[in-house]
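User: Please walk me through how this one packs, starting wherever you like. I'll interrupt with questions as we go.

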Amino acid sequence: MTRALGIIAGAALILLYATMLLLIMPAIQLRTGENPPAALAPYTEAQARGRQTYIALGCVYCHSQQPRDASLAPDMTRGWGRPSVPKDYSYDNPHLMGTMRTGPDLFNIGARQPSVDWHLTHLYAPRSVSPGSNMPGYPFLFDVIDFVPEGVTAVNLPPEYRVRGGTVIATPDAMDLVEYLLGLDHTYPTDDLPQADPDDQPAAKSADDDKVSVLDTDLLSGTLLPPVAKVGATQ
Ligand code: HEC
C-alpha cells in the first residue's frame with residue numbers, strides 16, 4: 001500500500017513539474033508579449049489569409065520562424081536577423097516558430113527577399129530560381145490562362161518552365177501567401193535582447209551548429225543573402 005502511494009505521489013510530482021515547465025512558465029514568459037512593439041503591424045486581411053495557407057500547406061514543417069541567439073546558432077551570420085523575442089510574436093496565434101529547418105528561417109524573409117515576382121516564381125517552381133532546391137512546388141496555387149487580363153499577375157518563368165499554349169498566373173491564394181511572406185519582417189530594434197556579457201568569448205563553433213544548419217550550404221548559397229542593412233543596424 002505504501003508503495004502504491006509512493007508511486008502515485010511520484011507520478012503526481014512529475015506531472016506537476018512538467019506542467020510548470022511546459023505550460024505555466026512559458027505562459028508567464030509570453031505575457032511580456034502583450035505590448036506589441038510599435039514597429040510591428042498587425043496582419044492585414046490578405047496577410048491573415050496567407051498565413052492560413054502557410055499553415056494549411058505545412059510550410060512550418062520545413063521552415064522555422066525563430067532566429068536564434070549567436071550563442072546557440074550562427075543565424076545572424078546566415079542573414080536571418082537578430083534573435084527573436086516574445087514580443088515579436090504578439091499577433092501570432094497559433095505561433096509558427098517551427099522546429100525543422102529543412103529550408104531557411106523565414107522570420108525576416110520580407111526584409112531579405114522583398115520581390116513579389118521572385119516569391120511567385122519560387123512557389124510555382126522552386127528549382128527555377130534555386131537550383132537543386134528540395135522544396136516542393138505549389139503549382140495548384142496558380143492558373144494557366146490564354147490571355148492575361150489587367151490587374152492579374154503573370155508569373156515570370158524561365159523558358160524551360162513555361163507552359164505551352166498559356167500563361168501561368170497567380171491565384172488570389174498565391175498573392176495572399178506572398179503578402180504574408182513579405183510582411184515577415186522583424187528587423188526593428190528591440191530592448192528585450194539579453195545584454196551580452198563583455199567578458200564572454202564568442203561562442204566556438206560546435207557540432208551542434210551543423211545540426212541546425214540547413215542541409216547543404218552550396219544548395220542554399222543563392223538564398224542566404226548577406227544580412228540586410230536594417231538587420232545590421234539592430235545588432
Ligand atoms: C520539404 C521542405 C519544404 C517545404 C514543405 C517548404 N519549403 Fe520553402 N524551402 C525549402 C528549402 C530546402 C529551401 C531552400 C532552397 C530554396 O530556396 O528553394 C526553401 C526556401 C524557401 C524560401 C526562400 C528562403 C530564402 O531565404 O531565400 C521561401 C520564401 C520559402 N521556402 C517559402 C515556403 C513556403 C511559403 C512554403 C509553404 C507553401 C514552403 N516554403 C514549404 C524547403 C521547404
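**Helix packing and a few local details**

Analyst: Helix 4 and helix 6 are oblique to each other, since their packing angle is about 120°, with the axes 10 Å apart. Oblique is what remains once angles under 35 degrees are called roughly parallel, those over 145 roughly antiparallel and those from 65 to 115 roughly perpendicular. The axes are lines fitted to C-alpha atoms, over the stretch in contact for helices, and the angles run from 0 to 180 degrees between N-to-C directions.

User: What should I know about the model and its numbering?

Analyst: This is a predicted model, in which local features need pLDDT of at least 70 and side-chain atom pairs count only at pLDDT 80 or more, whereas totals for chains, interfaces and linings use all residues. Residues are numbered from 1 along each chain as its sequence is written.

User: Which residues make the contact of helix 4 with helix 6, and what is the handedness of the crossing?

Analyst: The crossing is right-handed, meaning that the near helix is turned clockwise from the far one by less than a right angle, whereas anticlockwise would be left-handed. V116, H119, L120 and L123 of helix 4 meet A174, L177, V178 and L181 of helix 6, where a contact is a pair of C-beta atoms, placed from the backbone, within 7 Å. By class these residues are 7 nonpolar, 1 polar and no charged, counting Ala, Val, Leu, Ile, Met, Phe, Trp, Tyr, Cys and Pro as nonpolar, Asp, Glu, Lys and Arg as charged, and the others, Gly among them, as polar.

User: How do helix 2 and helix 6 pack?

Analyst: Their angle is about 100° and their axes are 7 Å apart, which means that helix 2 is roughly perpendicular to helix 6. A46, Q47, R49, G50, R51, T53 and Y54 come from helix 2, and D173, D176, L177, E179, Y180 and G183 from helix 6. This contact divides into 4 nonpolar, 4 polar and 5 charged residues.

User: What else does helix 6 pack against with its buried residues?

Analyst: Besides helix 2 and helix 4, the partners are helix 3 (109-112), strand 1 (142-145) and strand 2 (167-170). The buried residues of helix 6 are A174, M175, D176, L177, V178, E179, Y180 and L181; buried takes 20 or more other C-beta atoms within 10 Å of a residue's own, exposed 12 or fewer, and partly exposed lies in between, with C-beta atoms placed from the backbone. Helix 6 covers residues 172-183 and reaches 16 Å from its first C-alpha to its last, close to the 16 Å expected, where the expectation is 1.5 Å times one less than the number of residues.

User: Stepping back, how many helices and strands does the protein have?

Analyst: There are 9 helices and 2 strands, taken as DSSP runs numbered from the N terminus, with helices being H or I over at least four residues and strands E over at least two. Of the 235 residues, 26% count as buried.

User: Is H122 buried or exposed?

Analyst: H122 counts as buried because 23 C-beta neighbours lie inside 10 Å. It lies in helix 4 and, leaving aside residues up to four places away in sequence, touches V129 and S130.

User: And F147, buried or exposed?

Analyst: F147 is exposed, with 7 other C-beta atoms within 10 Å, and sits in the loop between strand 1 and strand 2.

User: Where is the cis peptide bond?

Analyst: It joins N93 and P94, with omega about -5°, and P94 is in the loop between helix 2 and helix 3. As background, most peptide bonds are trans.

Methods
Two residues are in contact if their C-beta atoms, placed from the backbone, lie within 7 Å.
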